[in-house]
Amino acid sequence: MKAGPSQEDIRRHNLGTLLRFVHLRGPASRATLAESLGLNRSTIMALTADLTAAGLVREELPRRPGRRAGRPSLVVRPESTRVYVLAFDVGVDRLAVARVGLGGEILDRREAARAQQEVDPADLVNALAGAARALVRKAGRDAVCVGAALAFPGIVRRADDRIMFGPNLDVGDLPLGEALSRRLGLGVPVAVCNDADLGALAEHERGAGVGCDDLIYLHGDVGVGGGIIARGRLLGGQEGFGGEIGHMVVNPGGRPCACGSRGCLETEVGERTLLAHAERAERPGETGRDAVRAVVDAADRGDIVAREALHRVGGWLGFGVANLVNIFNPGLVIFGGTLRDVYLGSAAQVRSVLATSALAASREKVRLRTAELGDDATLVGAAEFAFADVLADPLQVLARLREPETTLS
Ligand SMILES: [Zn+2]
């Protein structure tokens, strides 16, 4: 017979649940916590005392006291400036590093444009580590980094965070997470994840997808990535390679793709194709988000070529979405990265193809939305991923960080 959870297991679970609540929803009174978590007030008090002692939350009088007579319920607030993670976003055309506090606030950030050419892995690690160390130096002396994660536009093996395929950004065999973690010397590992998976996570927890447990996030960079949340969990498949929506074939006779196939969604709706259709592919210096936005702006102003380009791309995007709607029956499809602009410029076409190609039962309730977190979706997702361990077992993670051999650098 399997033994049930011990008192200690329950306490650890509850500590994580309480911390997660204030991390995602913001400061909450003891009364609200008791009601929302289904725990009694004395349990909340004991849990809060433990988290306060660990420096993860603090309790204070409410800023706007209620009208009721008597002692107001203390408000539990995450220690946002003291407890933080490092989030890295390696885009094809930009690098971003942020220090994100418990509670989700971006406390500080650095960003740099990146030329879309060959990348030297050592240079990449140097640039990321340098920016991160500058952010860490500006944090208070008592601030503690509890995790780090990096969003990467490629296929990442879950077992060892190894990048298996980055068609638009080749870093070879480099174990990016390990190399970066060593250079940071903070005693925290750096998890490496697919950027669109992290975008999905971020929109689910903090963006357009809050409250929707079955959603699909489509992320446009030079390529197209996808993240699928099913029943509240990220769908990765056997080894974590799942959700590669960009390589779903929508046009078998279409353009060749970097993956070796033809007519993948990303070859039909990606930045290069849009710019080629819009007769802007040859314009020097016009690439990335700005170039995509320029096409959408031109179409808005009545430019026929730009309109036609968006119409064609929107049609393929519609086929892609129709397939996804038929297979996963999502409540929500979210367009992020450059696809946010592409969708805004071609929504009518996407919806029209969806109406003719998706099963009526599945398409009836699906909502199409743009990413609420905008360009920060993948960065915010990296931060959320980095917080996962401390939210699952707060005291254990802090104890591990305080072991002398891991705090040295
Ligand atoms: Zn492909």
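This tour walks through the interface between domain 1 and domain 2 of the chain.

You are looking at a predicted model, in which local features need pLDDT of at least 70, side-chain atom pairs count only at pLDDT 80 or more, and totals for chains, interfaces and linings use all residues. Residues are numbered from 1 along each chain as its sequence is written, and side-chain values use heavy atoms, with hydrogens and water left out.

**Stop 1: the domains.** Colour domain 1 (7-78), domain 2 (83-197 + 377-402) and domain 3 (211-372) separately; these bounds come from an automatic or database domain assignment. Between the C-alpha centres of domain 1 and domain 2 there are 29 Å. Select the contact (heavy atoms within 4.5 Å): domain 1 brings 14 residues and domain 2 brings 15.

**Stop 2: the buried surface.** About 1200 Å² is buried between domain 1 and domain 2, with 67% given by carbon and sulfur atoms. Buried area here is the accessible area (1.4 Å probe) that two parts lose on being put together, summed over both. Now show R12, H23 and L56 as sticks: they supply 48% of what domain 1 buries against domain 2, more than any other three residues.

**Stop 3: the salt bridge.** Keep R12 and add D393: the two form a salt bridge, with their closest N and O atoms 2.7 Å apart. The rule (a side-chain nitrogen of Lys or Arg within 4 Å of a carboxyl oxygen of Asp or Glu) finds 1 salt bridge across this interface.
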